[in-house]
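Me: I would like a close look at one part of this structure, followed by an account of how the rest is connected. Please keep the discussion formal and residue-specific.

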Amino acid sequence: MKVQRQIPQNAYHADDSFLGRYQKLIKQEVIPYQYQVLCDQAEGAEKSHVVANFINAGKALRGENPGDGFYGMVFQDSDAAKWLEAVAYSLTIFPDQELETTADQLIELIAQAQDTDGYLNTRFTIKDRDKRWTNLLEGHELYCAGHMMEAACAYYEATGKDRLLKVMQKNAEHIYHIFIEEKKEGYPGHPEVELALMRMYHLTGDRHCLELAEHFLNIRGIDRNFFKNEQKKRNWEVWGMDAGDLYYNQSFAPVREQKDAVGHAVRAVYLYTAMADLASETEDEELQKACRRLWESITRRRMYLTGGIGSTGIGEAFTEDYDLPGDTAYCETCASIGLMFFASRMLEQDVRGEYADVMERAFYNTVLAGMQLDGKRFFYVNPLECIPGISGKAVTHSHDLTERPKWYACACCPPNTARLISSIGKYAYGENGQTAYCHLFAGGEASFENGMKLSCKTSYPYGFTVLYTITAGNGQLAVHIPSWSSQYRILVNGSDAKYTLQDGYVYLSVKENDTVSITLDDTPYTMYASSRVPQLSGYAAVCRGPLVYCFEGADNDQDVLSLSLKRGGSLTAEPFDKDLLNGTVRITAEAVRRETTEELYTSALPAMTPCTAVAIPYYTWCNRGENQMRVWMNEIN
């Protein structure tokens with residue numbers, strides 16, 4: 001049973017504070033730009049061809065010449081789905097008839113690309129109809145279906161229009177027929193449809209969706225040779241993936257027996273999200289325990305300080321406990337988005353501050369860093385160190401780019417970022433009965449099923465006072481106090497409040513017209529890694545509130561490598577600068593600069609000069625051209 005759940009998308013409306021400005025950026029810049037990309041109209045961007053693929057699939061089904069055929073990755077359809085989902089969320093915030101009409105037109109193209117039996121996938125409709133459902137390892141048919149199901153649910157919730165929802169209900173019935181009624185063996189190589197089916201079930205009550213999600217989760221890893229046997233039955237492949245790499249796609253063991261987060265990081269957290277959702281829905285204690293083990297594996301031994309996950313570009317994967325190199329980190333933007341999905345579903349099982357802590361850390365650092373401040377360039381990979389001349393060039397660092405590209409051939413991250421930011425209210429607020437939950441500090445207005453409504457005023461993450469006003473109703477307010485804030489003060493109607501603190505949340509009884517003020521600690525602080533992390537012995541990172549900071553060449557004489565922080569030295573937050581990097585706060589730190597020598601090695605003791613080092617929030621890095629950048633800095637006495 002869910003102890004609490006996300007509020008509906010339309011129950012939160014941001015104001016013009018930090019999150020609201022980001023949502024406005026998605027509406028005004030990101031959504032139009034990304035649609036240009038999908039239509040191959042964005043100058044200088046990687047070709048997408050997504051819209052043309054749907055047009056051509058419709059032609060193929062009508063017996064017409066399918067134009068220039070299919071182009072792109074086997075999962076290209078999912079880019080359109082995530083764009084539509086972002087549009088749906090945006091429409092609940094910023095109604096826009098022209099944008100809605102554009103989305104309706106795309107949905108009609110998608111509907112025309114659906115076969116009579118409900119099958120929907122442009123790649124296999126245009127060029128490989130005889131190969132449908134024969135390559136679950138690589139084909140991404142279920143992955144694409146999952147993303148389109150999510151888009152269908154979001155668009156129906158936002159607009160009340162069910163054209164895409166009916167398309168995906170028909171598609172879900174087709175999948176049910178293939179895998180349940182006809183008993184086709186197998187499960188998705190790339191998990192995603194499982195969490196989408198759960199969402200379809202929550203929206204429609206269709207138990208076929210619940211049954212399908214449970215089926216795909218229950219059979220994963222039972223037959224460890226499934227993908228090998230599938231590969232033997234066909235004479236074609238997409239990428240030539242290793243069917244024997246069971247860790248890559250989390251099929252090494254049944255899900256209830258898995259203990260460590262392994263393999264492709266995005267696939268893993270999408271799978272875990274579905275597991276957590278199903279566990280809450282069915283009260284499956286064994287599945288809940290598995291989710292908890294996997295959560296601890298990630299957050300206690302395999303997660304970066306920035307909320308990034310995936311330590312290597314080889315397989316975009318987790319590696320081993322405490323293997324967290326900053327300069328070769330993968331930390332795919334999608335992986336941190338998926339980690340937020342997982343955290344939100346874990347909060348539905350058990351309201352613990354650690355889940356909200358990780359959700360906040362991932363969002364304000366890796367997720368936001370994945371998009372340039374103007375919304376037109378994107379990182380797929382988010383390293384914690386970048387050195388021009390090595391990063392992006394050395395074979396070991398080829399995935400760690402020094403500048404954000406406009407788009408990617410594999411463009412999963414940009415639209416994923418757009419849909420997450422546009423729907424942040426669902427992650428910020430939750431509800432259950434008489435209790436309204438505030439998991440993240442999100443300025444704006446929120447309403448709850450019990451009739452309670454509140455407004456939140458804050459300049460977070462740069463201001464550390466959060467003011468809630470109960471504008472209607474009464475009940476219990478539960479507010480997450482981040483673990484980084486060791487000191488805080490809570491006032492109700494101007495007086496010190498009586499509250500209960502439990503698992504990182506304060507619980508207060510409130511009524512209409514009450515004001516609740518929460519003041520957090522705004523002091524910059526230093527973080528240290530476990531001595532078990534070999535690359536980080538003797539290193540420190542600077543943070544303030546939820547923001548991890550980094551040192552960039554632009555603020556430090558173009559040379560970060562020669563800097564070391566003074567152990568125990570002062571950290572000072574400068575005043576907010578509205579003109580710097582769209583508005584931010586720099587931190588200055590006592591440091592020393594080591595004299596640079598042209599000798600590769602020398603026995604001479606290098607000279608040390610005291611200096612002041614300047615840090616900016618990690619999410620803002622790489623917005624001023626190529627720069628050296630480091631999160632973790634050496635410390636000296």
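Are glutamate 150 and arginine 199 buried or exposed? Please begin with this pair and then proceed to the other charged contacts and to the strands.

Reply: In this predicted model, both glutamate 150 and arginine 199 are buried. The two residues form a salt bridge in which the closest N and O atoms are 3.7 Å apart. This contact links distant parts of the chain, since glutamate 150 belongs to helix H6 (residues 141–159) and arginine 199 to helix H8, 49 residues away. With the cut-off for burial set at under 20% relative accessible area, each partner of this bridge falls in the buried class.

Other salt bridges can be set beside this one. The whole structure contains 43 salt bridges. One of them joins the side chains of arginine 163 and glutamate 108, with an N to O distance of 2.9 Å. Arginine 163 is in helix H7 and glutamate 108 is in helix H4 (residues 97–112), so the pair ties together parts that lie 55 residues apart in sequence. Arginine 163 is partly exposed, at a relative accessible area of 42%, and glutamate 108 is also partly exposed, at 30%.

A further salt bridge is made by the side chains of arginine 301 and aspartate 260, at 3.8 Å from N to O. Here too the pair links distant parts of the chain: arginine 301 is in helix H12 (residues 285–301), whereas aspartate 260 is in the loop between helix H10 (226–232) and helix H11 (265–282), 41 residues apart. Arginine 301 counts as partly exposed at 23% relative accessibility, and aspartate 260 is partly exposed with a relative accessible area of 31%.

Charged residues also occur in groups. Arg292, Glu296, Arg300, Asp350, Arg352 and Glu354 are linked in a network of salt bridges. Elsewhere, Glu173, Glu181, Glu182 and Glu211 form a negative surface patch. Of the patch members, glutamate 182 is found in the loop between helix H7 (163–181) and helix H8 (193–204). Helix H8 is the helix that carries arginine 199.

An uncharged side chain offers another point of reference among the helices. Tryptophan 83 is placed in helix H3 (residues 77–93) and counts as buried, with 2% relative accessibility. Its C-alpha atom is separated by 29 Å from that of alanine 261, a residue 178 positions away along the chain.

The strands may now be considered. Seven of them form an open sheet with antiparallel pairing, in the order S2-S6-S7-S8-S14-S10-S11. Its edges are strand S2 (12–14) and strand S11 (495–496), each of which pairs on one side only.

Within this sheet, successive pairings can be followed from S6 onward. Strand S6 (residues 444–447) pairs with strand S7 (residues 453–458) in the antiparallel sense over four bridges, and glutamate 445 has serine 455 in S7 as its bridge partner. S6 and S7 form a hairpin with five residues between them, and glycine 451 in the turn has a positive phi of about 95°. S7 is in turn joined to S8 by six bridges, again antiparallel; lysine 457 is partnered there by leucine 467 in S8. This second pair is likewise a hairpin, with six residues between the strands. Strand S8 (residues 465–472) also runs antiparallel to strand S14 (residues 515–520), to which five bridges join it. In that pairing, tyrosine 468 has valine 516 in S14 as its bridge partner.

Another set of pairings involves strand S20. Six of the eight residues of S20 (residues 587–594) are buried, so the strand is largely enclosed by the rest of the structure. Three bridges join strand S18 (residues 563–566) to S20 in an antiparallel arrangement, with leucine 565 opposite alanine 591. Strand S19 (residues 571–573) is also antiparallel to S20 and is joined to it by three bridges; alanine 573 stands opposite isoleucine 587. Eight bridges connect S20 to strand S21 (residues 608–617), and these two strands too run antiparallel. Valine 592 stands opposite proline 610 in S21.

To return to the part first requested, the bridge between glutamate 150 and arginine 199 links helix H6 with helix H8, and both of its residues are buried.

Notes. Residues are numbered from 1 along each chain as its sequence is written. This is a predicted model: local features need pLDDT of at least 70, side-chain atom pairs count only at pLDDT 80 or more; totals for chains, interfaces and linings use all residues. Side-chain values use heavy atoms; hydrogens and water are left out. Patches are made of residues with over 30% relative accessible area and no salt bridge: like charges are joined within 9 Å, nonpolar side chains (Val, Leu, Ile, Met, Phe, Trp, Tyr) within 5 Å. Accessible areas come from the Shrake-Rupley method with a 1.4 Å probe; for residues, only the protein chains shown count as cover. A salt bridge is a side-chain nitrogen of Lys or Arg within 4 Å of a carboxyl oxygen of Asp or Glu. Lys and Arg count as positive and Asp and Glu as negative; His and the chain ends are not counted. The place of a charge is taken as NZ of Lys, CZ of Arg, CG of Asp or CD of Glu. Buried means under 20% relative accessible area, exposed over 50%, partly exposed in between (1.4 Å probe, protein chains only). Two strands pair if DSSP finds at least two bridges between them.
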